[in-house]
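Dear colleague,

I am handing over the structure we spoke about, and below it I have set out what was found. Please read the notes with the model open beside them.

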Amino acid sequence: MEAILPDRAQCLYAEKEKRDMAYYFKEPSRTFSEYLLIPGYSAKECAPENVSLKTPIVKYDKGKQPAIKMNIPLVSAIMQAVSDDRMAVALAKEGGISFIFASQTVEDQAAMVNRVKSHKAGFVRSDSNARPDQTLKDILEIKDRSGHSTVAVTEDGTAHGKIVGIVTSRDYRISRTPLRTKVEEFMTPFDGLVFAEEGVNLSAANDMLWENKLNALPIIDKNGRLAYFVFRKDYDSHKANPNELLDARKRYMVGAGVNTRDYKERIPALIDAGADVLCIDSSEGFSEWQREVLTYVRKNYGDEVKIGAGNVVEREGFNFLAEAGADFVKVGIGGGSICITREEKGIGRGQASAVIEVAAARNEYYERTGTYIPICSDGGIVYDYHIALALAMGADFLMLGRYFSRFDESPTNKLNINGNYVKEYWGEGSNRARNWQRYDMGGGERNLSFEEGVDSYVPYAGGLKDNVSLSLNKVRSTMCNCGVLNIRSLQKNAKLTLVSAVSIVEGGAHDVILKDQTSNVL
């Protein structure tokens with residue numbers, strides 16, 4: 001144990017052994033709301049549009065670049081109520097990563113990852129295919145299942161069969177075309193198609209789309225078989241989302257959660273599906289179980305597979321996971337809005353205190369080894385300005401659950417309760433989620449003996465894009481007030497102060513009668 005602990009932790013253990021009693025932290029456990037940032041000098045170039053929020057998500061050695069960077073410091077939580085394939089696409093468009101929830105079958109989770117990886121690419125493999133002898137009814141069923149309006153017609157109905165035509169919504173009218181009509185009777189035949197040969201670059205393919213006023217361009221191999229499609233909507237999407245996060249093949253990037261039980265089956269399936277980064281989903285990361293998962297990954301995949309671990313709340317836990325091989329470390333226990341671990345088990349720490357100590361351990365580890373391991377602050381975010389505080393305290397990125405659960409793109413129901421729109425939101429430790437693997441401590445009983453999360457509602461907030469843009473504009477503005485233009489500079493130069501209960505009151509609107517803001521119609 002001593003080989004992986006810094007001096008302070010070694011002293012802590014020595015003191016415990018000598019005194020044979022519990023160790024007490026001298027400082028109280030603090031939250032983000034107990035701190036404020038002090039403004040710094042702002043030069044003329046300190047404008048929000050000049051601020052970069054790019055940040056590493058996986059470890060890297062001094063003098064080198066991380067294998068994966070995000071364009072914004074936000075990831076969505078590994079939760080049923082938050083991160084499915086739709087959320088992953090929406091967040092990747094803004095420059096972040098979703099971690100698809102692990103509390104489902106291996107097959108279902110891998111399918112979600114696969115849908116994200118196939119949703120956006122310069123060259124897209126067709127997932128909507130039919131034979132010429134099928135009917136309009138079959139076409140409509142394919143469209144409902146895939147959500148795509150372009151259906152490739154191949155001789156054998158597969159994605160790589162010999163292409164004989166294409167069906168789009170312009171080729172039929174549901175009100176006039178009988179459902180039993182054969183596809184070959186209303187499709188656009190191959191001799192009427194504009195296509196490109198396999199090997200064409202993306203720029204040339206996009207030029208063909210525009211010059212011929214097409215929505216989809218089939219890419220055909222030398223044997224006349226369908227290889228890919230290039231879609232006009234993807235070009236438009238890229239222009240509308242300049243921060244979108246893409247892999248080397250121009251596909252959206254996506255993460256996935258794994259547990260410490262079925263990881264030997266789950267991890268290979270997720271890698272095959274195309275997951276870019278994995279994360280062990282556990283309420284407490286300072287454990288032999290997490291080390292076993294990390295050892296399995298390193299033994300079987302080396303450093304090719306990227307995997308984060310956690311959660312921890314102090315330096316001993318960080319150093320344990322760093323030495324075990326984690327690519328990033330998640331910080332936080334009991335700080336989530338639906339988490340009741342602290343009141344059920346008496347385990348946890350204020351999120352600000354946890355981030356500050358783990359960030360210091362991260363920096364010490366970097367100086368000692370030359371390897372920088374990013375940390376992810378998970379939980380404790382109530383207001384947008386807490387994001388800036390977490391970054392200033394040393395977090396490289398944040399994992400958010402409640403924040404993302406409020407949006408259209410989360411997988412839960414939108415309800416009207418007493419005249420207010422809300423969305424359902426439940427914790428992975430709740431009976432509804434039944435995610436016993438996340439809270440498993442190695443025993444044989446495979447169920448939840450008690451809950452560590454609640455089932456709740458959150459106020460509906462609309463679409464992800466506008467909300468994330470607003471939140472990050474506030475962060476950029478805060479960084480400008482601190483006189484910095486990137487996250488690393490914020491971490492190095494920020495000045496923070498504790499605030500009293502009275503000063504918290506002073507910081508908000510006070511001694512006035514607020515007008516009803518809902519009546520302020522412009």
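In what follows, a residue is called buried when its relative accessible area is under 20%, exposed when it is over 50%, and partly exposed in between. Please keep in mind that this is a predicted model.

By that definition D276 is buried, and K117 is buried as well; the two form a salt bridge whose closest N and O atoms are 2.8 Å apart. This pair links distant parts of the chain, since D276 sits in the loop between α8 (263–273) and β15 (277–280) while K117 belongs to helix α3, 159 residues apart. Salt bridges that share partners join K117, D247, R251 and D276 into one network.

K117 also appears in the second largest pocket, which has a volume of about 670 Å³: of its 25 lining residues, those closest to the centre are N114, R115, K117, S118 and H119. Helix α3 gives the most to this lining, with 6 residues, and the lining as a whole divides into 7 nonpolar, 7 polar and 11 charged residues.

A further salt bridge joins the side chains of E94 and K465 at 3.4 Å, N to O, with E94 in helix α2 and K465 in helix α15 (residues 464–481), 371 residues apart. Here E94 is buried, because its relative accessible area is 11%, whereas K465, at 36%, counts as partly exposed.

For the chain overall, buried residues make up 52% of the 522 residues, and the structure holds 17 salt bridges.

With best regards

Technical notes. Residues are numbered from 1 along each chain as its sequence is written. This is a predicted model: local features need pLDDT of at least 70, side-chain atom pairs count only at pLDDT 80 or more; totals for chains, interfaces and linings use all residues. Side-chain values use heavy atoms; hydrogens and water are left out. On a 1 Å grid over the protein atoms alone, a cavity is a set of points where a 1.4 Å probe fits but cannot get out, and a pocket is an open set with protein on both sides within 12 Å along at least five of seven lines; lining residues have an atom within 4 Å of a point. Grid points are joined across faces, edges and corners, and a volume is the space filled by probe spheres set on the points. Helices (H or I, at least four residues) and strands (E, at least two) are DSSP runs, numbered from the N terminus. Ala, Val, Leu, Ile, Met, Phe, Trp, Tyr, Cys and Pro count as nonpolar, Asp, Glu, Lys and Arg as charged, and the others, Gly among them, as polar. Buried means under 20% relative accessible area, exposed over 50%, partly exposed in between (1.4 Å probe, protein chains only). A salt bridge is a side-chain nitrogen of Lys or Arg within 4 Å of a carboxyl oxygen of Asp or Glu.
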